[in-house]
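This note is offered as a colleague's reading of the entry shown below. The points are numbered for ease of reply.

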Amino acid sequence: MTTIEPPGRPDPAQGSATTTPAGQEPGRRSWLREHSELGVSVLLLALGGLVLTDALTMDVDIAQRGPIGPKTVPIVVGIGLLVIAVLLAIDVLRGGHGEAEGGEDIDLSEPADWRTVLLLGGVFLATAVLIEPIGFPIAGALLFWGSAYALGSRHFHRDPLIAAGLSFAAFIIFDRLLGVPLPGGPLMGVL
C-alpha cells in the first residue's frame with residue numbers, strides 16, 4: 001500500500017524540492033551566479049551611455065572641418081557598445097555562457113596580480129590628474145615609464161629616456177601634425 005503525502009510536503013525518497021543538488025538554497029544568489037555575465041552587459045551599457053552623452057554634448061566649433069566631425073566616431077562607438085550590451089544580455093538570459101580560458105600560457109589556478117593592476121591604475125590616475133598642470137609631454141613620459149615599471153621593466157637608465165622620447169613624439173604628432181590640441185604645460189614655450 002502506498003502512502004500519500006499531504007500537498008506541499010516533498011517526498012523524502014525523491015529528495016528535497018527546496019535545495020539544489022549541491023545543498024544550496026535556490027534563489028537570488030544562485031541566479032546571479034549563473035548569470036554573472038550580466039555584469040559585463042551592465043558595464044558595457046553604462047560605458048556606451050557615457051560615451052554617447054559625452055559625444056552629444058561635445059563642443060565642436062574649433063575642430064569641425066567637414067561633414068564628418070569629431071562627434072562621428074564616438075557616436076558610432078557608443079551605439080556599438082549599447083548594441084553589444086543588449087545582445088550580450090539577451091544571450092546570457094537565454095542560457096549562453098562564456099567558455100573558460102584554456103590558453104597554454106595561462107595558469108588559471110594562480111591568483112590575480114593585484115599589485116600590477118593597482119600600480120597601473122595609479123599611473124593612469126596620476127596622468128589624468130597631472131596632464132593639465134604639467135602638460136602632456138611630462139605627464140605622458142610619467143605614464144609610459146610608470147606603465148613599464150608596473151609591468152616589470154627595471155631598466156632605470158633606459159626606460160625614462162624611451163618614455164620621454166615616446167611622449168614627445170606623441171605630442172608632436174598629435175599637437176603639431178594632426179592638430180589635436182594637447183596641454184604643453186611649462187614646456188609650451190620650448191616646444
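The points that follow begin with the chain as a whole and then turn to individual helices, charged pairs and the surface.

1. Overall content. The model is predicted. Its chain contains six helices and zero strands, so the order of elements from the N terminus is α-α-α-α-α-α under the assignment used, in which helices and strands are DSSP runs. Of the 191 residues in the chain, 19% are buried. The accessible surface amounts to about 14,300 Å², and carbon and sulfur atoms account for 67% of that area. When contacts between residues at least 6 apart in sequence are considered, 55% of them join residues at least 24 apart.

2. Geometry of helix 2. This helix covers residues 38–56. With 19 residues at 1.5 Å a residue, helix 2 should span 27 Å, and the distance between its end C-alpha atoms is 27 Å, so expectation and model agree.

3. The two sides of helix 2. Which residues of helix 2 are buried? They are Leu38, Ser41, Leu44, Gly48, Leu52 and Ala55. Because these residues cover an arc of only 115° around the axis, they lie on the same side of helix 2. The general basis is that an α-helix has 3.6 residues a turn, so residues three or four places apart point the same way. On the other side of helix 2, the exposed residues are Val42, Leu43, Leu50 and Asp54. The buried residues of helix 2 pack against helix 1 (28–34) and helix 3.

4. Ser41. This serine belongs to helix 2. Its relative accessible area is 6%, which is under the 20% limit, and therefore Ser41 counts as buried. Once neighbours within four places in sequence are set aside, Ser41 is in contact with Ala85, Leu88 and Ala89.

5. A nonpolar surface patch. Leu45, Ile79, Val83, Val86, Leu87 and Ile90 make up a nonpolar patch on the surface, and together they have about 510 Å² of accessible area. The most is given by helix 3 (residues 72–93), with five residues. Leu45, also a member of the patch, is found in helix 2. Leu45 has a relative accessible area of 44% and is accordingly classed as partly exposed.

6. Geometry of helix 6. Helix 6 comprises residues 158–177, and its 20 residues at 1.5 Å a residue should span 28 Å; the end C-alpha atoms are 27 Å apart, which agrees. Gly179 follows helix 6 and has a positive phi, near 75°.

7. The two sides of helix 6. Asp159, Ala163, Ser167, Ala170, Phe171 and Asp175 are the buried residues in helix 6. They span an arc of only 100° around the axis, so they are placed on the same side of helix 6. Leu161 and Leu177 are exposed on the other side of helix 6. What do the buried residues of helix 6 pack against? Their packing partner is helix 5 (136–150).

8. Salt bridges. How many salt bridges does a search of the whole structure find? The search finds two. One salt bridge joins Asp159 and Arg158, with 3.9 Å between the closest N and O atoms. For reference, the cut-off applied to such a pair is 4 Å. The other pairs the side chains of Arg176 and Asp175, with an N to O distance of 2.6 Å.

9. Burial of the charged partners. In the pair formed by Asp159 and Arg158, Asp159 is buried at 9% relative accessible area, whereas Arg158 is partly exposed at 44%. In the pair formed by Arg176 and Asp175, Asp175 is buried at 14%, while Arg176 is partly exposed at 40%. Asp159 and Asp175 are both among the buried residues of helix 6 listed above.

10. Ser147. This residue lies in helix 5, the element against which the buried residues of helix 6 pack. Ser147 is buried, with a relative accessible area of 15%. Not counting residues up to four places away in sequence, Ser147 touches Leu120, Val123 and Phe124.

Key: Residues numbered from 1 in each chain as written. Predicted model: local features only at pLDDT ≥ 70, side-chain atom pairs only at ≥ 80, totals over all residues. Heavy atoms only, no water. Helix = DSSP H or I, 4+ residues; strand = E, 2+ residues; numbered from the N terminus. Expected span 1.5 Å × (residues − 1). Buried < 20%, exposed > 50% of the residue type's maximum accessible area, 1.4 Å probe, protein only. Arc of directions from axis to C-beta. Contact = heavy atoms within 4.5 Å. Patch = residues over 30% accessible without salt bridge, like charges linked within 9 Å, V, L, I, M, F, W, Y side chains within 5 Å. Areas by Shrake-Rupley, 256 points an atom, 1.4 Å probe, with all protein chains shown as cover.
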